[in-house]
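The exercises below ask for a careful reading of a single model, working from pockets to individual residues. Each task is followed by a solution that goes step by step.

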Amino acid sequence: MNDYIESIRQYIGHNPLLIIGSGVFIHQNGKLLLQRRRDDGTWADHGGSLELGETLEDTARREVLEETGLTLHKLDLLGVFSGPDRMHTYPNGDQCYVIGVYYLCEDFSGTLAPQVEEVSDLQWFALDALPDNIMHLAREPLAACLQALRAR
């Protein structure tokens, strides 16, 4: 079922909803590809909510293809993130608690093509020159990503 979250929102409105999602940090040549979110202007990883019947890896691949035009190949698990700092209210008022499963991808193909509805910009950033306005849900996973990359 596509747009599962949207269908649930018809019943619960803006009330808090538990969401499980996949996030991906794309790395190449010492740089991370980040997207500027159209809804709030912050920079973040690429990803979204699990749909019914999908695996988390399928979600990661689908969302990255939609948001960036890139096809992901090998995914390396960074970690699972939960806790009180995972509460989020979107600019439209929708509230959610997001359990995030994050991956690092260095094996991908395709041409960058930002999704107009959700992404206002895609940029490669050097690991030591990341933007300041990182979306709060992406901060802890980003720190784990940087730690994994620097540990190599």
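## Exercise 1: Arg37

At 18% relative accessibility, Arg37 counts as buried. The model is a predicted one, and this exercise places Arg37 within it.

**Task.** Work out in which strand Arg37 is found, why Arg37 counts as buried, and which side chain is joined to that of Arg37 by a polar contact.

**Solution.**
- Step 1. Arg37 is found in strand S2.
- Step 2. The term buried applies under 20% relative accessible area, and Arg37 counts as buried because its relative accessibility is 18%.
- Step 3. The side chain of Arg37 is joined to that of Asp39 by a polar contact of 2.7 Å.
- Step 4. When neighbours within four places in sequence are left aside, the residues in contact with Arg37 are Thr42, Ala44, Tyr90, Glu118, Ser120 and Met135.

## Exercise 2: The two pockets

**Task.** Describe the largest pocket by its volume, its central residues and the make-up of its lining, and then do likewise for the second largest pocket, with its volume and its lining.

**Solution.**
- Step 1. The volume of the largest pocket is about 1,100 Å³. Its lining has 39 residues, and those closest to the centre are Arg37, Gly48, Ser49, Tyr90 and Glu118.
- Step 2. Several elements each supply at least two residues of this lining, among them helix H1 (4-12), strand S2 (31-37), strand S4 (46-49) and helix H3 (136-150). The largest share, 5 residues, belongs to S1.
- Step 3. By class, the lining of the largest pocket holds 16 charged, 12 nonpolar and 11 polar residues.
- Step 4. The second largest pocket contains about 150 Å³ of space, and the residues that line it are Tyr4, Ile5, Leu17, Leu18, Ile19, Ile20, Leu50, Glu51 and Leu52.
- Step 5. H1 and S1 each supply at least two residues of the lining of this second largest pocket, with S1 giving the largest share, 4 residues. Its classes are 8 nonpolar, 1 charged and no polar residues.

## Exercise 3: Ser22

**Task.** Decide whether Ser22 is buried or exposed, and find which backbone oxygen lies 2.7 Å from a polar atom of its side chain.

**Solution.**
- Step 1. Ser22 is found in strand S1, and it counts as buried because its relative accessibility is 5%.
- Step 2. A polar atom of the Ser22 side chain lies 2.7 Å from the backbone oxygen of Leu56.
- Step 3. Not counting residues up to four places away in sequence, Ser22 touches His46, Gly47, Gly48, Leu56, Thr59, Ala60, Val101 and Tyr103.

## Exercise 4: The cysteines

**Task.** Establish how many disulfides a search of the whole structure finds, and explain why Cys145 is too far from the closest cysteine sulfur for a bond.

**Solution.**
- Step 1. A disulfide is a covalent bond between the sulfur atoms of two cysteines.
- Step 2. The search of the whole structure finds 0 disulfides. Cys105 is in none, and the nearest cysteine sulfur, in Cys145, is 11 Å away.
- Step 3. The cut-off for a disulfide is a pair of cysteine sulfur atoms within 2.5 Å. The sulfur of Cys145 is 11 Å from that of Cys105, its closest cysteine sulfur, and is therefore too far for a bond.
- Step 4. Cys105 is buried, at 0% relative accessible area, and Cys145 is likewise buried at 0%.
- Step 5. Cys145 lies in helix H3. With neighbours within four places in sequence left aside, Cys145 is in contact with Phe25, Leu32, Leu78 and Leu104.

## Exercise 5: Two loop residues

**Task.** Determine where His73 lies and where Asn29 lies, and state what is notable about the phi of Asn29.

**Solution.**
- Step 1. His73 lies in the loop between strand S5 (70-72) and strand S6 (76-81), and it counts as partly exposed because its relative accessibility is 33%.
- Step 2. The C-alpha atoms of His73 and Ser109 are separated by 7.9 Å, although the two residues are 36 residues apart along the chain. Outside four places in sequence, the contacts of His73 are Arg61, Cys105, Asp107, Phe108 and Ser109.
- Step 3. Asn29 lies in the loop between S1 and S2, and it is exposed, with a relative accessible area of 73%.
- Step 4. Most residues other than glycine have a negative phi. Asn29 is not a glycine, yet its phi is positive, at about 55 degrees.

Conventions. Residues numbered from 1 in each chain as written. Predicted model: local features only at pLDDT ≥ 70, side-chain atom pairs only at ≥ 80, totals over all residues. Heavy atoms only, no water. 1 Å grid on protein atoms, 1.4 Å probe; cavity = no way out; pocket = protein on both sides within 12 Å on 5 of 7 lines; lining within 4 Å. Points joined across faces, edges and corners; volume = space filled by probe spheres on them. Nonpolar A, V, L, I, M, F, W, Y, C, P; charged D, E, K, R; others polar. Buried < 20%, exposed > 50% of the residue type's maximum accessible area, 1.4 Å probe, protein only. Polar contact = N/O pair within 3.5 Å; in protein donor to acceptor, adjacent residues only side chain to side chain. Contact = heavy atoms within 4.5 Å.
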